[in-house]
Amino acid sequence: MNSKNLTKQLAAKAGVLAGGVAVGALLAGTALAEPAVIYDLGGKFDKSFNEAAYNGATQWSEENGVEFLDLELQNDAQREQALRQFARRGANPIVVPGFSWGAALETVAPEFPDTNFAIIDMVVDAPNVRSVIFDEHTGSFLVGALAALKSETGQIGFVGGMDIPLIHKFFCGYAQGAQAVNPDIEVYENYTGTTPAAWNDPVTAGELAKAAYDRGADVVFAAAGGSGLGVLQAAADTGNFAIGVDSNQNYIQPGSVLTSMVKRVDVAVADAFSDQMNGEWTSGLQIMGLGNDGVGYSLDEYNADLVTEEMMATVADLNAKIQSGEIVVHDYTTDSTCPGF
Amino acid sequence: MDAFTSFIFMLDSATRLTVPLLLACLAGLYSERSGIFDIGLEGKMLAGAFGAACVALITGNMWLGLLAGIGVSIAMALVHGVASITFRGNQIISGVAINFLAAGLSTFLGQNWFSQGGRVPSPPAGGRFDAITLPFADQLREVPILGTIYAELISGHNILVYIAFAMVPITWYVVFRTRFGLRLRASGENPKAVDTAGINVNLMRYRAVIITGVLTGIAGAYFSIAQSSGFINNMTAGKGFIALAALIFAKWRPWQALGACFLFGFLDALQIRMQGTELPIIGEVPVQAIQALPYILTVILLAGFIGKAVGPKAGGVPYVKER
């Protein structure tokens with residue numbers, strides 16, 4: 001390499017460096033108020049929880065013509081670092097979906113009092129944090145009613161993931177819903193395991209579902225994360241029905257998935273973005289229930305033939321009664337009991 | 001449902017749960033009989049499951065998926081082989097490394113290729129081993145007892161289940177009735193004698209390790225494209241370690257391995273079927289107690305009933321030719 005070339009290269013490099021510094025200064029100076037999402041470890045396209053957050057943010061961005069920032073984590077250690085990085089860059093609000101964010105947010109939120117944060121599925125008590133909690137029990141109540149209406153044998157099943165209070169909340173709502181339309185219904189309650197491995201064990205979950213089908217159940221609700229796929233598969237293999245969870249999973253085994261108990265994480269994310277943009281931000285607890293479309297059951301072309309008009313009418317009626325307060329669905333997590341089961 | 005039918009259903013479930021244990025256990029038998037300890041069964045199964053799921057998804061062909069599973073698993077087995085045979089490394093450490101490598105690599109590649117949090121989606125139709133109905137199963141279903149056993153228990157599994165059970169007599173024959181088997185066992189008991197007879201000990205051990213790879217590959221394919229469909233992070237859920245326990249329990253013998261694996265499979269099925277059912281006198285047993293049952297029984301059986309289990313004498317020791 002001759003010296004002339006070298007000089008040129010050095011000059012070019014210096015230019016790039018200078019440009020980088022300038023851009024950095026610009027970013028710091030303007031303090032972009034772009035909203036941001038930082039996904040949990042499952043990744044942006046996990047076909048479930050995180051993807052729902054991504055969809056909500058993308059749709060909001062298209063509707064409002066405002067860009068948003070997002071980031072996928074590679075490991076647990078990055079949580080606090082990622083939050084600080086986004087807050088320093090001026091992102092506002094910062095939405096983090098998933099209860100695993102709790103500890104990191106508790107540390108970082110007080111360091112940036114002027115930034116608003118939202119956490120989904122977890123409560124963090126800080127003046128600039130909105131904690132979004134879903135009424136899983138009422139959504140489960142409605143799919144339980146659908147299951148009982150669909151069942152010809154009068155027996156239905158439930159396969160939970162890890163045996164924790166949150167999953168008992170799903171079961172308790174489901175069983176109450178089934179009992180509301182058929183007082184003699186039999187509900188088989190099963191859990192895949194007692195460790196976090198229970199979220200990724202489709203084999204055991206599938207066997208639990210098969211056991212329920214063998215005993216006479218014809219609809220099984222899978223509230224089991226990745227393990228739930230084993231339940232949907234078992235339903236397809238044995239010619240019975242399953243109910244999906246979190247995202248709309250009707251398409252995974254078309255014709256075998258009666259419906260899915262959806263948690264509208266996308267709505268929660270879009271709401272947070274909109275509230276900040278319109279200056280209507282509220283911190284504190286936000287409950288996503290039937291009334292504000294936070295939870296519900298999914299209907300699409302994959303289960304149109306499985307759910308009759310009559311079933312829909314009954315469930316719509318129950319939905320109205322829950323919202324008006326005529327029916328009170330017991331929440332397992334309030335007292336760790338499920339009356340009647 | 002009467003008690004007999006529900007018992008048959010439980011045995012049916014136990015059969016499905018036994019298959020991966022049995023394949024992994026027999027896989028370990030070949031390796032350990034030749035003198036190579038293998039605690040990497042879990043990792044090889046996981047890698048096999050991942051390879052099978054990927055290829056079955058892309059090609060839509062279950063046989064290509066199975067071949068890919070076996071191929072990936074053999075590759076992992078050879079890593080273990082090179083480390084512990086050629087380079088005389090510590091076999092336990094190499095096995096642990098295989099387990100970590102498989103868990104990390106499958107999630108990493110799965111996330112990069114399919115962007116679903118490390119999951120591999122379900123293969124299309126034709127990419128999964130479906131249940132086979134044996135001849136006359138439907139006609140015989142109504143025959144009391146024997147008909148039920150035939151139609152519900154023996155018929156209606158996928159081909160890999162039958163392969164797994166067929167591997168038991170095959171393994172017994174290969175290990176105890178062939179020249180290859182004699183040399184294999186001798187490599188694990190007294191490699192110096194094998195060497196004196198003019199047989200290459202390291203080559204024997206490599207062969208054994210490759211057979212281990214084939215069997216764990218089939219077990220992996222069973223996980224991702226037969227029993228379930230699609231790959232999920234760490235879906236083997238510790239079955240490789242249970243297979244290892246079964247191997248010790250069976251004192252490195254194939255028929256006893258079948259017994260031990262079926263016992264573990266049966267206990268697993270029992271805990272699945274007993275959840276939420278009312279037992280006479282006791283009433284409904286809490287889920288946690290039922291789930292602990294297989295482990296409690298394992299401890300009792302291992303501690304009290306099998307006596308002393310002594311592995312192959314030269315197991316875990318790399319063979320060094322004396323000059």
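These legends go with several close-up views of a predicted model with chains A and B.

Local features here need pLDDT of at least 70, side-chain atom pairs count only at pLDDT 80 or more, and totals for chains, interfaces and linings use all residues. Residues are numbered from 1 along each chain as its sequence is written, while chains are lettered from A and ligands numbered from 1 in the order in which they are written.

**View 1. Chain A and its two domains.** The domain assignment splits chain A into domain 1 (29-134 + 267-288) and domain 2 (136-262 + 308-335); such bounds come from an automatic or database assignment. Between the C-alpha centres of the two domains there are 30 Å. Along the principal axes, the C-alpha atoms of chain A fill a box of roughly 85 × 50 × 35 Å. Count up the secondary structure of chain A and you get eleven helices and twelve strands, where helices (H or I, at least four residues) and strands (E, at least two) are DSSP runs numbered from the N terminus. Of its 341 residues, 51% are buried, that is, they have 20 or more other C-beta atoms within 10 Å of their own; 12 or fewer would be exposed, in between partly exposed, with C-beta atoms placed from the backbone.

**View 2. Helices H2 and H9 of chain A.** The axes of H2(A) (residues 49-64) and H9(A) (residues 265-277) come within 7 Å and cross at roughly 40°. That angle makes H2(A) oblique to H9(A). For reference, angles under 35 degrees are roughly parallel, over 145 roughly antiparallel, 65 to 115 roughly perpendicular and the rest oblique. Axes are lines fitted to C-alpha atoms, for helices over the stretch in contact, and angles run from 0 to 180 degrees between N-to-C directions. H2(A) passes H9(A) in a right-handed crossing, meaning the near helix is turned clockwise from the far one by less than a right angle (anticlockwise would be left-handed). On the H2(A) side, the contact includes Phe49(A), Ala53(A) and Trp60(A); on the H9(A) side, Val269(A), Phe273(A) and Met277(A) are among the residues involved. Contact means that two C-beta atoms, placed from the backbone, lie within 7 Å. By class, this patch has eleven nonpolar, five polar and one charged residues. The classes are simple: Ala, Val, Leu, Ile, Met, Phe, Trp, Tyr, Cys and Pro are nonpolar, Asp, Glu, Lys and Arg charged, and the others, Gly among them, polar.

**View 3. The side of chain A that touches chain B.** Here 30 residues of chain A are in contact with 25 residues of chain B. Strand S7 (186-193), helix H7 (202-215) and helix H8 (228-238) of chain A each supply at least two residues of this side. H7(A) gives the most, with ten residues. The chain A side divides into nine nonpolar, twelve polar and nine charged residues.

**View 4. Unusual backbone spots.** Most residues other than glycine have a negative phi, and most peptide bonds are trans. In chain A, a cis peptide bond with omega about 0° joins Asn92(A) and Pro93(A), and Pro93(A) is found in the loop between helix H3 (79-88) and strand S3 (94-97). Asp121(A), not a glycine, has a positive phi of about 75° and lies in the loop between strand S4 (117-120) and strand S5 (129-134). Asp121(A) is buried, with 22 C-beta neighbours inside 10 Å. In chain B, phi of Ile145(B) is near 55°; its place is the loop between helix H5 (137-140) and helix H6 (146-154). Ile145(B) is exposed, with 9 other C-beta atoms within 10 Å.

**View 5. Helix H11 of chain B and what covers it.** Eight of the eleven residues of H11(B) (residues 239-249) are buried, so this helix is largely enclosed by the rest of the structure. Among the buried ones are Ile242(B), Leu244(B), Leu247(B) and Phe249(B). The cover includes helix H1 (3-33), helix H2 (41-59), helix H12 (254-274) and helix H13 (287-304) of chain B. Following H11(B) comes Lys251(B), with a positive phi near 50°.

**View 6. Helices H1 and H12 of chain B.** H1(B) and H12(B) pack at about 140°, with axes 7 Å apart. That makes H1(B) oblique to H12(B), and their crossing is right-handed. The contact residues divide into 18 nonpolar, three polar and two charged.
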